Amino acid sequence: MSTQTDDLRAFFEAGPAPTLDAIERGTFERGRIDAGDTVPPTWIDPADAPFEPVPRPGNPVTARLIIWVTLVGFVGALAWLIVPALGNRVATRDALILDNGVLTAQPVQLAPVSPAVVTELLVGDDGGILPEGAPIARLAGSDGDDDVVSEIVAPFDARFVSIDTLAGGVVMPGTPVATVYDPSRMYVIVSVAPQTLELMRSGMRVELTSEAVDETIGGQVVSAVPLLGTDHEPTTANLVNVRIRPDAGAVVDLLPGIRFGVEVDLRSVGSDAPRLTLTSGAG
């Protein structure tokens with residue numbers, strides 16, 4: 001085999017090989033090629049020039065690392081966008097961070113027990129707390145008998161939500177004359193997913209912070225309340241409201257609607273503490 005290879009190499013080194021046209025014309029001479037002839041490709045012995053792959057530019061390890069980092073970042077960003085924006089996340093093993101708390105009051109409607117005419121509204125304009133027992137409105141019998149007079153008074157130290165009638169107006173049983181709330185019984189309500197609710201226990205200590213308040217307010221987890229009327233909103237249909245009771249007197253001077261960041265201390269109660277129970281939300 002090597003002898004044939006040496007013969008072929010010697011033949012090509014002596015000059016270009018003849019073409020068929022040159023042989024037929026009889027014009028072929030060793031070392032001479034006619035203008036119309038085609039030069040054959042040079043033959044290379046594979047033994048003399050073994051195949052070597054062309055290396056790719058750059059560092060392959062670095063390239064793979066960049067690809068993996070990019071892929072992980074993309075998947076993480078996609079997961080963050082898919083999860084409902086509740087702001088709920090476990091910051092550490094010891095604390096649960098929530099950022100959608102809202103200070104909430106329970107409205108109480110004050111209405112007569114029988115048909116009546118509002119003869120006088122006794123409503124202050126200072127926006128302060130109305131002491132328990134203070135008169136809010138005077139009523140007369142709806143038949144025009146001015147001797148039948150009654151009063152609607154504040155059932156507790158209250159703030160007004162609204163005045164729901166005018167002096168001289170006729171009100172029926174169940175029709176509110178005014179709506180008030182008890183500022184000492186306000187709660188912070190925060191909506192959480194069921195898996196977050198599993199981490200919480202009744203009595204856990206809480207720290208409340210807000211841009212509207214200069215200092216941190218303490219409180220504790222009280223109960224859970226179903227989030228009703230949200231079947232038309234798939235992103236909130238499975239959520240539960242958790243009630244947080246601020247420390248006594250801490251929010252009396254604040255108004256409902258203030259938003260709070262909530263940090264729940266998961267280690268403030270023992271593992272045997274009762275789970276949150278769903279309540280009607282009243283009281």
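**Close-up 1. Glu198 and Arg275 meet in a salt bridge.** In this predicted model, the side chains of these two residues come together with an N to O distance of 2.7 Å. The pair links distant parts of the chain: Glu198 sits in the loop between α4 (194-197) and β11 (205-209), while Arg275 belongs to the segment after β14, 77 residues apart. Glu198 has a relative accessibility of 48% and so counts as partly exposed. Arg275 is also at 48%, which makes this residue partly exposed.

**Close-up 2. Asp94 pairs with Arg267.** Here the closest N and O atoms of the salt bridge are 3.0 Å apart. Asp94 lies in the loop between β1 (89-90) and β2 (95-104), and Arg267 in the segment after β14 (259-265), so this contact links distant parts of the chain, 173 residues apart. Have a look at the surface too: Asp94 is partly exposed at 33% relative accessibility, whereas Arg267, at 55%, counts as exposed.

**Close-up 3. Asp247 forms a salt bridge with Arg205.** The closest N and O atoms are 3.2 Å apart in this view. Because Asp247 is in the loop between β13 (240-246) and β14 and Arg205 is in strand β11, the pair ties together parts that are 42 residues apart in sequence. Asp247 is partly exposed, with a relative accessibility of 32%; Arg205 is partly exposed as well, at 33%.

**Close-up 4. Glu120, Arg138 and Glu151 share a network of salt bridges.** In this last view, three residues are linked: Glu120, Arg138 and Glu151. Searching the whole structure gives five salt bridges.

Note on methods:
Residues are numbered from 1 along each chain as its sequence is written. This is a predicted model: local features need pLDDT of at least 70, side-chain atom pairs count only at pLDDT 80 or more; totals for chains, interfaces and linings use all residues. Side-chain values use heavy atoms; hydrogens and water are left out. A salt bridge is a side-chain nitrogen of Lys or Arg within 4 Å of a carboxyl oxygen of Asp or Glu. Helices (H or I, at least four residues) and strands (E, at least two) are DSSP runs, numbered from the N terminus. Buried means under 20% relative accessible area, exposed over 50%, partly exposed in between (1.4 Å probe, protein chains only).
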